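Here's a walk through one chain of a complex: how it meets its neighbour, and how its strands are arranged. Have the structure open while you read.

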Amino acid sequence: MSSELEHLARGTAELIANADEREAEDAASRPDEPSLPPLQWLKVNLFSSVLNTALTIVFGLAGVLAYQRLLNWAFSHERNWDAVRVNMRALFTFTYPSSQYGRIWVTLGIVLTLAGLSLGLSRMVGQGVSLKRISIWCMAWGGAVIAGIVLVQPHAKRSADGEILLDADFEPVRESFGTAMADRGWWWLIGVLLLATGLAIWVILGDLKRRKTFVGAIPFTLGVLAFAVSTLWWFHWGNYGQQGDIIEPGRTVKDSAKLPWTAMWFVLTGAYLVGRRISATDRAASVRVVVNLSWLLAPFITFWVILRDPQIDYAHVMSTDLPMALGFMIGGGALLFFLTKPDLGEIGRILGVGLFGIAIFNWVAAFFGIYPMLQKARISFLLLALVALAAHNFAGERAQRLRFVYAWAAVMAILHYLVTMINAPSTVDAPDEFVGGFLVTVYIAVFTMIFSFPLGVLLALGRTSTLPIFRVLSTIYIETVRGVPFITILFFFSTFLNIFLPDGMEIEQLAAAGLGFALFSAAYLAENIRGGLQAVRRGQYEASDALGLSTVQRTGFIVLPQALRVSIPPLVGATISTFKETSLLAIIGIIDFLRVANSVIPGQTVFLGVRMEGLLFVCMIYWIGAYSMSKFSQRLERHLGVGEN
Amino acid sequence: MSFSDATAAVSDELAARDDIIICDSVDKWYGDFQALKGVSATIKEREVVVVLGPSGSGKSTWIRCINRLEQHQSGRIIVDGVELTNDTRNIEKIRSEVGMVFQQFNLFPHLSVIDNISLAPLWVRKRPRAEAERLASDLLERVGIPEQAEKFPGQLSGGQQQRVAIARALAMEPRIMLFDEPTSALDPEMIKEVLDVMKELAVGGMTMMVVTHEMGFAREVADRVIFMESGEIVEAGTPEHFFTDPQEDRTKLFLSQIL
């Protein structure tokens with residue numbers, strides 16, 4: 001947008017960019033860590049004293065016992081894992097119709113393309129994974145598999161028609177230990193292969209240059225993913241639809257999933273390679289900006305346009321929507337071009353205030369139902385008035401004014417496009433909301449992050465501001481929201497919000513819930529960021545003041561980058577809790593990931609009451625999401641040098 | 001000749017120059033504690049003034065009042081013809097004319113050395129980026145550390161950091177430089193490199209106000225030495241006069257403790 005905003009953005013971008021240099025230097029100066037031979041390592045770390053030995057044995061036994069219990073539970077004949085397998089689509093997208101499923105893949109494709117580009121363009125490249133770690137990892141998993149084979153009790157015997165055989169005490173009759181071990185041939189193979197690979201790396205490759213060989217973390221992950229995707233081609237993952245009553249019968253997971261997932265892998269890898277290629281050119285910086293803006297837009301476009309498949313009434317678009325959008329773009333643009341004239345004087349302010357008055361009256365009128373107007377016209381008008389009021393800050397030479405006007409036109413184009421799409425009815429034939437399952441979890445989490453983060457920063461700045469009006473309003477807001485249980489806010493937004501909205505304005509339940517999430521989370525983020533703001537030393541303010549920086553510049557270039565750097569750990573913590581708290585959507589009747597596992601699957605006739613399996617699966621997926629975020633934040637912290645000087 | 005009024009010029013040549021900073025009975029309170037008690041002094045263009053005094057004597061407070069990092073409650077401060085009032089436009093104008101160097105350097109830790117220096121020319125003076133960066137590297141050359149441009153403040157020694165801080169202040173092309181104990185946080189072996197840069201500035205004709213405990217610097221470079229105690233100017237004069245023939249008992253006591 002204007003140079004000021006660009007500048008604000010650059011503050012943080014530079015912070016990240018400059019951090020690699022430090023990281024590279026750290027890595028270069030770091031000495032090799034001493035490495036002990038395995039036996040000695042065990043002695044030093046686990047059996048160094050009598051107490052240490054006792055503790056190792058006690059907790060080792062407890063761990064083995066817990067592991068055995070878990071495996072016996074998971075592989076028991078009472079488990080019905082088909083409930084999860086058959087309901088994979090229900091878990092992730094709920095009732096999204098199969099006929100439109102291509103839209104899901106396109107959405108995922110967009111996300112993976114952006115992810116690949118971002119990874120390729122990222123300057124936050126760490127050392128990667130050492131061969132030593134891969135080796136230990138392989139050996140550990142191999143060992144765990146083999147231990148599991150031995151620990152799991154022998155399977156129950158079944159009769160010819162699949163019934164479990166019971167003995168006189170109604171306990172299942174089990175195979176002999178020898179047969180059980182022999183029956184687990186595939187597992188033996190996996191365990192031994194993993195162990196052998198690990199040992200081979202350790203002995204052959206590891207010995208050559210053990211601590212010097214690193215595999216890039218991203219290529220390594222892509223390789224693991226490639227293997228996982230390839231299993232879809234040669235391993236029989238089972239049928240779905242054979243027993244379940246939702247999805248088309250007869251097709252296997254393998255049939256329906258192998259092609260799209262393979263394509264997705266190529267999309268991700270291809271985008272990553274393209275990103276790598278671009279990052280070596282001097283256009284990397286501008287491409288990075290485009291990719292980051294696309295990340296911001298992608299959730300809205302994929303959610304409301306691609307997944308929702310709006311049915312557009314072209315007559316209405318031509319007669320109303322398009323002229324209105326063009327009017328705001330061109331008329332508003334011309335007005336702003338006029339208002340940014342350097343020597344305009346008081347006329348500009350008078351015009352701005354006048355516009356603002358009209359914009360406010362539009363809403364008042366709407367509230368009392370005096371004159372009708374499309375909602376988006378009101379919103380655009382208010383935006384125009386606000387920008388017009390601030391326009392004199394952006395006064396300057398012709399090129400600068402034109403940039404300002406183009407930015408306005410772009411914002412209007414995107415806004416009107418999205419509003420038109422949202423207002424058009426959806427063609428997706430789903431009984432409830434058109435999204436559900438994991439999709440809704442992800443979208444609510446993403447919307448919350450996008451909206452709550454800027455709001456949180458503003459609230460934090462407001463609360464630490466020297467202007468009493470901002471301070472009081474922010475404090476009231478934060479303290480009110482923090483003093484109320486989240487679930488009440490969610491109930492309020494999902495049920496009562498529409499009562500408080502002006503006539504003719506309604507908000508979908510899902511959007512209302514998202515709004516509740518964002519407003520709630522912003523209050524907590526604000527407190528985290530405020531902590532960061534307080535950690536910025538007084539000398540930094542004085543130095544900026546002494547240089548003659550304005551308050552906005554001081555905040556954007558000096559204070560916020562340092563404050564946000566300090567607040568990364570709590571901010572990621574807040575993001576992880578938001579991700580998990582989306583499960584509360586189940587309470588207000590939205591069918592999210594958890595609710596599918598907890599009530600939809602157990603309600604199916606074939607899987608009546610089968611709940612534990614789904615819940616365990618849901619736990620795993622939540623854990624993978626939360627753990628990745630936590631890992632990413634650790635990397636970011638290291639990269640930005642949090643806690644140093 | 002009365003030394004309680006430091007406005008008295010120390011030589012005819014200096015007296016002929018224009019006034020650039022005028023302080024007229026400046027008072028400053030922190031709550032009930034009065035940090036400055038009617039401080040009056042006139043600084044001439046291209047003059048180098050060293051302010052001495054025991055800690056807590058108000059010398060830092062005084063020079064911080066001159067670019068409004070602290071607000072005085074009564075009296076007048078006029079810098080380069082502009083009086084310091086609550087009018088923000090005046091303050092911004094003065095701050096871009098007055099450079100300041102702090103005891104704790106106060107470099108921006110998240111910006112590289114070159115960005116630390118070019119930030120203000122870029123955003124306050126609205127220079128194009130290339131020009132601002134060229135200016136920054138010229139200044140780094142001038143303070144003797146051109147090779148450190150891409151490093152971060154945390155990777156530099158204290159002396160180097162302070163030299164960057166001087167370059168950063170100079171990047172605004174100020175007419176006046178204020179130094180608030182610029183060498184007090186430095187290890188002894190680094191003090192000289194910073195003082196050398198300051199001497200060069202003084203020779204170049206910069207108007208400077210320096211709060212310091214470096215008597216050697218005061219003797220060698222200062223046009224005038226001002227001695228403060230308990231928020232008052234006790235005595236002022238040329239370095240020869242001040243160090244060899246102090247008039248006031250409090251000055252004598254201070255000098256006997258420090259020399």
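What follows starts at the interface and then moves on to the two sheets of chain B.

## Where the chains meet

Keep in mind that this is a predicted model. On the chain B side, 29 residues are in contact with 27 residues of chain A. Together the two chains bury about 2,500 Å², and carbon and sulfur atoms give 58% of that area. Three residues stand out here: B:H110, B:W123 and B:F152 supply 28% of what chain B buries against chain A, more than any other three residues.

As for charges, the count between chain B and chain A is one salt bridge. You'll find this contact between the side chains of B:R64 and A:E542, at 2.5 Å from N to O. Polar contacts across the interface come to six residue pairs, with both residues at pLDDT 80 or more.

Which elements of chain B give two or more residues to the side that touches chain A? They are β6 (98-101), α4 (113-123) and α6 (158-170). Of these, α4(B) gives the most, with four residues. Sort the chain B side of the interface by residue type and you get 15 nonpolar, six polar and eight charged residues.

## The six-stranded sheet

Now for the strands. Chain B has an open sheet of six strands, in the order β6-β7-β8-β3-β9-β10, and the pairing is mixed. At the edges sit β6 and β10 (232-237) of chain B, each pairing on one side only. Ignoring direction, neighbouring strands here are turned by 20 degrees against each other on average.

Further in, β3 (residues 48-52) and β8 (residues 207-211) of chain B run parallel and are joined by four bridges. To place that pairing on screen, look for B:V51, whose bridge partner in β8(B) is B:V211.

The edge strand β6(B) also brings us back to the interface, as one of the elements that give two or more residues to the side touching chain A. Helix α6(B), another of those elements, lies across β6 and β7 (176-180) of chain B and runs at about 170 degrees to β6(B).

## The four-stranded sheet

There is also an open sheet of four strands in chain B, ordered β2-β1-β4-β5, with antiparallel pairing. Its edges are β2 (33-44) and β5 of chain B; each has a single partner strand, so one side of each is left without a neighbour in the sheet.

Here are the pairings in this sheet, with a residue pair to find each one by:

| Strand pair (chain B) | Bridges | Example of bridge partners |
|---|---|---|
| β1 and β2 | eight bridges | B:I22 and B:T42 |
| β1 (residues 19-30) and β4 (residues 74-79) | five bridges | B:D24 and B:R76 |
| β4 and β5 (residues 82-83) | two bridges | B:V79 and B:V82 |

So what happens between β4(B) and β5(B) in their hairpin? Two residues lie between the strands, and B:D80 takes a positive phi near 55 degrees.

One general point helps when you follow any of these strands by eye: in a regular strand, side chains alternate between the two faces of the sheet.

Technical notes: Residues numbered from 1 in each chain as written. Chains lettered and ligands numbered in written order. Predicted model: local features only at pLDDT ≥ 70, side-chain atom pairs only at ≥ 80, totals over all residues. Heavy atoms only, no water. Contact = heavy atoms within 4.5 Å. Buried area = accessible area lost by both parts, 1.4 Å probe. Salt bridge = Lys/Arg side-chain N within 4 Å of Asp/Glu carboxyl O. Polar contact = N/O pair within 3.5 Å; in protein donor to acceptor, adjacent residues only side chain to side chain. Nonpolar A, V, L, I, M, F, W, Y, C, P; charged D, E, K, R; others polar. Pairing = 2+ DSSP bridges. Axes fitted to C-alpha atoms, helices over the stretch in contact; angles between N-to-C directions.
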